[in-house]
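User: Please take a close look at one helix in this model, starting with what covers it. Then follow the trail to the empty spaces and the other buried spots.

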Amino acid sequence: MRNLRKNIAAVFVAGSLAAGLAGCSTTSAGSPSPSSSGAIASTGLSGSITVFAAASLKSTFTELATDFEAKHPGTKITLSFAGSSDLVTQITQGAPADVFASADTKNMAKLADAKLVGGTPVDFATNVLEIAVPPSNPASIAAFADLAKPGIKVVICAPQVPCGAATKTVEEASGTTLKPVSEEASVTDVLGKVTSGEADAGLVYVTDVKGAGDKVKGITFPESAKAVNTYPIATVETSKNKELAAAFIDTVTGSEGKKVLTNAGFGTP
């Protein structure tokens with residue numbers, strides 16, 4: 001009888017343990033673990049996009065894209081920087097792009113005229129010109145008019161590039177005619193001519209001067225207020241991942257984007 005009772009007790013304990021283990025297994029499978037739920041499931045974002053952006057946005061967009069990928073595992077943002085006019089040409093010729101951020105509204109309008117803008121562009125930043133000179137300022141540049149003096153090696157952006165169009169506007173507004181030694185395809189190329197010592201001065205954006213640190217000296221001039229560039233951003237109509245493209249645009253135009261852009265020296269529209 002004693003052995004029978006022991007056997008019955010053992011069966012009861014084993015049954016209880018099995019039921020308990022089964023219950024634990026059901027709870028674990030029914031409750032998603034952190035690794036199985038993930039950020040992708042909660043945000044619904046995945047895949048990759050290519051962002052075409054004006055050269056002057058390189059540092060800010062690189063920071064924003066890196067932060068975006070960290071917050072949305074499983075997403076990939078590929079960045080391509082150049083002069084806005086060159087980017088429009090590339091997109092209209094079939095280059096795969098999902099987002100376009102221009103340094104002016106004129107080039108965004110060109111893309112819209114080609115029926116390649118999805119939705120309505122959003123203005124997210126402004127920028128103005130500043131004179132960049134080597135730290136020692138060998139040509140003693142102090143004002144915009146100084147750039148027109150004989151013997152001054154000044155570099156500017158080509159007219160079709162937003163920084164070049166802004167330069168032309170300032171020239172006309174101030175009655176000053178510049179004779180540049182070269183016209184570059186992007187504002188970063190202009191800055192490069194100054195930092196390498198190939199030019200006495202270059203017309204770039206205030207953000208470029210700030211980003212260059214002690215590599216150049218910046219000289220502001222009142223005439224720059226005559227040419228304020230507004231930066232719009234939009235989804236490219238041919239994008240194959242419009243949801244991710246829209247999410248990145250929201251980041252650029254939202255509070256996070258405004259903070260990064262303001263810290264870099266950009267103004268608000």
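Analyst: Start with the cover. The buried residues of α10 are covered by elements that include α3, β4 (117-127) and α9 (242-253). This is a predicted model, and everything below is computed from it.

Which residues of α10 are buried? They are Gly257, Val260 and Leu261. Around the helix axis they span an arc of only 95°, so they sit on the same side of α10. The face turned away from that buried side carries exposed residues: Ser255, Lys259 and Asn263. Burial here means a relative accessible area under 20%, and exposure means over 50%. Just past the helix, glycine 265 adopts a positive phi of about 105°.

Now the space beside the helix. α10 covers residues 255-263, and no element gives more to the lining of the second largest cavity; its share is three residues. That cavity has a volume of about 30 Å³. Its lining consists of Phe124, Lys258, Leu261, Thr262, Phe266, Gly267 and Thr268. Leu261 therefore appears twice: it is one of the buried residues of α10, and it also lines this cavity, by the rule that a lining residue has an atom within 4 Å of a cavity point. By class, the lining splits into three nonpolar, three polar and one charged residues.

How many cavities of 30 Å³ or more does the structure hold? Two. The largest has a volume of about 60 Å³. It is lined by 13 residues. Ala54, Ala55, Gly83, Ala103 and Val161 lie nearest its centre. The class split of this lining is nine nonpolar, four polar and no charged.

Open space comes next. The largest pocket has a volume of about 260 Å³. Its lining takes in 16 residues, with Ser56, Ser59, Thr207, Asp208 and Gly211 nearest the centre. Three helices each supply at least two lining residues: α3 (58-71), α7 (187-195) and α8 (206-212). The largest share is that of α8, at five residues. This lining counts five nonpolar, eight polar and three charged residues. α3 links the topics: it is among the elements covering the buried residues of α10, and it also contributes to the pocket lining.

Next, the sulfur chemistry. The disulfide count is one. Cysteine 157 and cysteine 163 form it, with their sulfur atoms 1.7 Å apart. The cut-off for such a pair is 2.5 Å, so this one qualifies. The torsion about the S-S bond is about -95°, so the disulfide is left-handed. Are the partners buried or exposed? Cysteine 157 is buried, at a relative accessible area of 1%. Cysteine 163 also counts as buried, with 1% relative accessibility.

One loop residue closes the tour. Serine 224 lies in the loop between β9 (217-219) and β10 (229-236). Its relative accessible area is 11%, so serine 224 is buried. What does serine 224 touch, once neighbours within four places in sequence are set aside? Its contacts are Val128, Leu129 and Val170.

Back to the helix, in brief. α10 has a buried side made up of Gly257, Val260 and Leu261. Its opposite face carries exposed Ser255, Lys259 and Asn263. Three residues of α10 also help to line the second largest cavity.

Conventions. Residues numbered from 1 in each chain as written. Predicted model: local features only at pLDDT ≥ 70, side-chain atom pairs only at ≥ 80, totals over all residues. Heavy atoms only, no water. Buried < 20%, exposed > 50% of the residue type's maximum accessible area, 1.4 Å probe, protein only. 1 Å grid on protein atoms, 1.4 Å probe; cavity = no way out; pocket = protein on both sides within 12 Å on 5 of 7 lines; lining within 4 Å. Points joined across faces, edges and corners; volume = space filled by probe spheres on them. Nonpolar A, V, L, I, M, F, W, Y, C, P; charged D, E, K, R; others polar. Helix = DSSP H or I, 4+ residues; strand = E, 2+ residues; numbered from the N terminus. Arc of directions from axis to C-beta. Contact = heavy atoms within 4.5 Å.
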